Amino acid sequence: RGNASNWETPGKVRNKLTTVRKSYHMSGNAKDFVAEFSLPTKGGSTTKLWMDYEEYLHMLDFKEECEMYYWYGQKTYDANGHTYMKDENGQPVIVGPGLLEQIVNSDTYSTMTETKLKNIIGDLFYGMTDAAQKQVTLYTGTGGAREFDEALKSHFSSNSWKVGGENRFITGSGRSLGLTGYFNSYEHTDGHTINVVKLPLFDHGAVAQARAKHPTTGYSLESYRMVFVDQSNYDGQNNLQMISKKGREAMRWCVAGSVVPRGFDSSSSRASDVDGASVHMLKTAGIALKRFDTSLDITCVAS
């Protein structure tokens, strides 16, 4: 008898999508309130109608809440798919896992160095032999972007080898000098390219506001969070995907009373007898990390 060899076949992991809803209400004459000053709206334009500005803020709140779920969402169902959180009608409230819950690898740091970057990235992506177009994106806040830049500059300044005869960080001449040049990418010796993307949610989101402050800068420790996401291609598909339920990618409707909100068809018939109206937004979607063991979540523990 010959020796048997181990073998493996593809598997399937099931997640559930998250439904996010947001509503706002207005009184019958709110849409005609005029402010004494100009208010910003989408696209850089301005308006003096107060309700236009309020609707713009409600849309931004809805988008931020969706993004919060895509990153920090905690699933509300067990291993058997049973959901125990119910709404007022007895229907299950389903929240799928956010990106951070899907990443199984985690680590901590106090001060980032090039050596730590090289080691953790090399160890983590050592098994990416079947990846096409290897790409790793580092999502972080303002603090993490600074740590990344300072780690590479410290490594560069502490080594004797340098590119001579080229002006990379200093501009101008004489009394008019300027300092420029900041690192936002890192090419690993194993062939992985790390691109830095600043995520405002890590700076100003609800989680960032609730976390402790960095002892040196005073920024939220969440701003120093570094999430390395494997966005390579496997078998012709992106490893990171946004999945939306057909027909519920982005829904927005109104319940008209005495008035019809702007942007909706005006009609003589009304759905409500309220002196006002309401607008409702809904989105059913989720983030799918198809290979969840090739990404890494690093949090800062400086104290």
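Let me begin with strand S16, which is mostly covered, since five of its five residues are buried. I should say straight away that what we are looking at is a predicted model, so everything that follows is computed from it. Within S16, the residues Leu296, Ile298 and Cys300 point one way, while Asp297 and Thr299 point the other way, and all are buried. That fits a general pattern, in which the side chains of a regular strand alternate between the two faces of the sheet.

Now to the neighbours of this strand. S16 belongs to an open sheet of six strands with mixed pairing, and the order across that sheet reads S4-S16-S10-S5-S9-S8. At the edges stand strand S4, residues 105-109, and strand S8, residues 185-187, each of which has a single partner strand, so one side of each is left without a neighbour in the sheet. From one strand to the next, the twist averages 20 degrees.

If you look at the two strands that flank S16 in that order, you will find both senses of pairing. With S4, the pairing of S16 is parallel and runs over five bridges, and here the bridge partner of Asp107 is Ile298 in S16. Strand S10, residues 226-230, pairs with S16, residues 296-300, in the antiparallel sense over three bridges, and on this side Phe228 has Leu296 of S16 as its bridge partner. Packed on the sheet is helix H3, residues 114-124, which touches S4, S8, strand S9 (193-198), S10 and S16, and whose direction makes about 170 degrees with that of S4.

Let me turn to the charged residues. As a general matter, side chains of opposite charge can pair when their charged atoms come close. How many salt bridges does a search of the whole structure find? The search finds eight, and I will go through some of them.

Asp107, which we have just met as the bridge partner of Ile298, also meets Lys116 through its side chain in a salt bridge, at 3.3 Å from N to O. Lys116 is partly exposed, with a relative accessible area of 22%, and Asp107 likewise counts as partly exposed, at 28% relative accessibility. Elsewhere, salt bridges that share partners join Arg211, Glu222, Arg225 and Asp297 into one network, and Asp297 is one of the buried residues of S16 that I described at the start.

Two further salt bridges involve helix H1, and each links distant parts of the chain. In one of them, Asp52 pairs with Arg262, with the closest N and O atoms 3.4 Å apart; Asp52 lies in helix H1, residues 50-72, whereas Arg262 lies in the loop between strand S14 (251-256) and strand S15 (276-289), 210 residues apart. Asp52 counts as partly exposed at 21% relative accessibility, and Arg262 as partly exposed at 38%. In the other, Arg252 forms a salt bridge with Glu55, the closest N and O atoms being 3.7 Å apart, and this pair joins strand S14 to helix H1 across 197 residues. Is Glu55 buried or exposed? At 12% relative accessibility, Glu55 counts as buried, while its partner Arg252, at 37%, counts as partly exposed.

I will finish with a single residue, Asp235, in the loop between strand S11 (233-234) and strand S12 (237-238). Its phi is near 55 degrees, a positive value in a residue other than glycine, and at 78% relative accessibility Asp235 counts as exposed.

How values were computed. Residues are numbered from 1 along each chain as its sequence is written. This is a predicted model: local features need pLDDT of at least 70, side-chain atom pairs count only at pLDDT 80 or more; totals for chains, interfaces and linings use all residues. Side-chain values use heavy atoms; hydrogens and water are left out. Helices (H or I, at least four residues) and strands (E, at least two) are DSSP runs, numbered from the N terminus. Buried means under 20% relative accessible area, exposed over 50%, partly exposed in between (1.4 Å probe, protein chains only). A salt bridge is a side-chain nitrogen of Lys or Arg within 4 Å of a carboxyl oxygen of Asp or Glu. Two strands pair if DSSP finds at least two bridges between them. Axes are lines fitted to C-alpha atoms, for helices over the stretch in contact, and angles run from 0 to 180 degrees between N-to-C directions. Contact means heavy atoms within 4.5 Å.
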